[in-house]
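Colleague: Before I build on this model, I want a close look at one part of it. Please pick the aromatic contacts and the packing around them, and take it step by step.

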Amino acid sequence: MNSNLQIMKSIFDNSGLSKRAFAEEIGVSASHVSDILNGKGKASDSLTELTQLKFNKITNTLEEEEIMYRSKYEEAQSQIIALMKENAELKDVILKQGSP
């Protein structure tokens, strides 16, 4: 899938608009939007840039979100591992205290 198509689909999906309303917002026909979103037509660079400006989107939004979520996942995973190690250490201490 080309990047303009990905960008247009992402913006459309997040807009909450019908194809007709989306088309009106970016100044093209509803059939052109439909063709673009269905992969039958191509979104020019200028139309994609205009759409991004209109909807306050930036090209790297998807990548930035992926990086953010990956970072949060890795942080949570590290916290879980630290808690598991702490739990194992506490278990060892309790077992040592209980044995004669």
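Modeller: Contact here means heavy atoms within 4.5 Å. The model is predicted: local features need pLDDT of at least 70, side-chain atom pairs count only at pLDDT 80 or more, and totals for chains, interfaces and linings use all residues. Side-chain values use heavy atoms, without hydrogens or water, and residues are numbered from 1 along each chain as its sequence is written.

Start with the rings. Searching the whole structure gives two aromatic pairs (ring centres within 6.5 Å; Phe, Tyr and the six-membered ring of Trp). One of them joins Phe12 and Phe22: the ring centres are 5.2 Å apart and the planes stand at 80°, so this pair is edge-to-face (over 60 degrees; under 30 is stacked, the rest tilted). Phe12 belongs to helix 1, residues 3–15, and Phe22 to helix 2, residues 19–26. The pair therefore ties together parts that are 10 residues apart in sequence. A helix here is a DSSP run (H or I, at least four residues), numbered from the N terminus. Both Phe12 and Phe22 are buried (under 20% relative accessible area; exposed is over 50%, partly exposed in between; 1.4 Å probe, protein chains only). Phe55 joins Phe12 and Phe22 in one aromatic cluster.

Now the helices that carry the pair. The axes of helix 1 and helix 2 come within 10 Å and cross at roughly 115° (lines fitted to C-alpha atoms over the stretch in contact; angles run from 0 to 180 degrees between N-to-C directions). From helix 1, the residues involved are Met8, Ile11, Phe12 and Ser15. From helix 2, they meet Lys19, Phe22 and Ile26. By class, this contact of helix 1 with helix 2 has five nonpolar, one polar and one charged residues (nonpolar: Ala, Val, Leu, Ile, Met, Phe, Trp, Tyr, Cys, Pro; charged: Asp, Glu, Lys, Arg; polar: the others, Gly among them).

Ser15 sits at this contact, in helix 1. Its relative accessibility is 21%, so Ser15 counts as partly exposed. Beyond its neighbours within four places in sequence, Ser15 touches Phe22 and Phe55. Ser15 and Phe55 are 40 residues apart along the chain, yet their C-alpha atoms are separated by 7.8 Å.

Ser10 is also in helix 1. Ser10 has a relative accessible area of 17% and is therefore buried. From Ser10 to Leu37 the sequence gap is 27 residues, and the C-alpha to C-alpha distance is 9.9 Å.

Helix 2 has a second partner. Its axis and that of helix 4, residues 45–54, come within 10 Å and cross at roughly 100°. On the helix 2 side, Phe22, Glu25 and Ile26 take part. On the helix 4 side, they meet Leu47, Leu50, Thr51 and Lys54. This contact of helix 2 with helix 4 has four nonpolar, one polar and two charged residues. Phe22 and Ile26 appear in the contact with helix 1 and again in the contact with helix 4.

Look next at Thr51, in helix 4. Its relative accessibility is 0%, so Thr51 counts as buried. Setting aside its neighbours within four places in sequence, Thr51 is in contact with Met8, Ile11, Phe22 and Ile26. Met8 and Ile11 are on the helix 1 side of the helix 1 and helix 2 contact.

Glu24 gives a contrast. Glu24 is in helix 2. At 61% relative accessibility, Glu24 counts as exposed, whereas Phe22 of helix 2 is buried. Glu24 and Ala88 are 64 residues apart along the chain, and their C-alpha atoms are separated by 61 Å.

Definitions and conventions:
Helix = DSSP H or I, 4+ residues; strand = E, 2+ residues; numbered from the N terminus.
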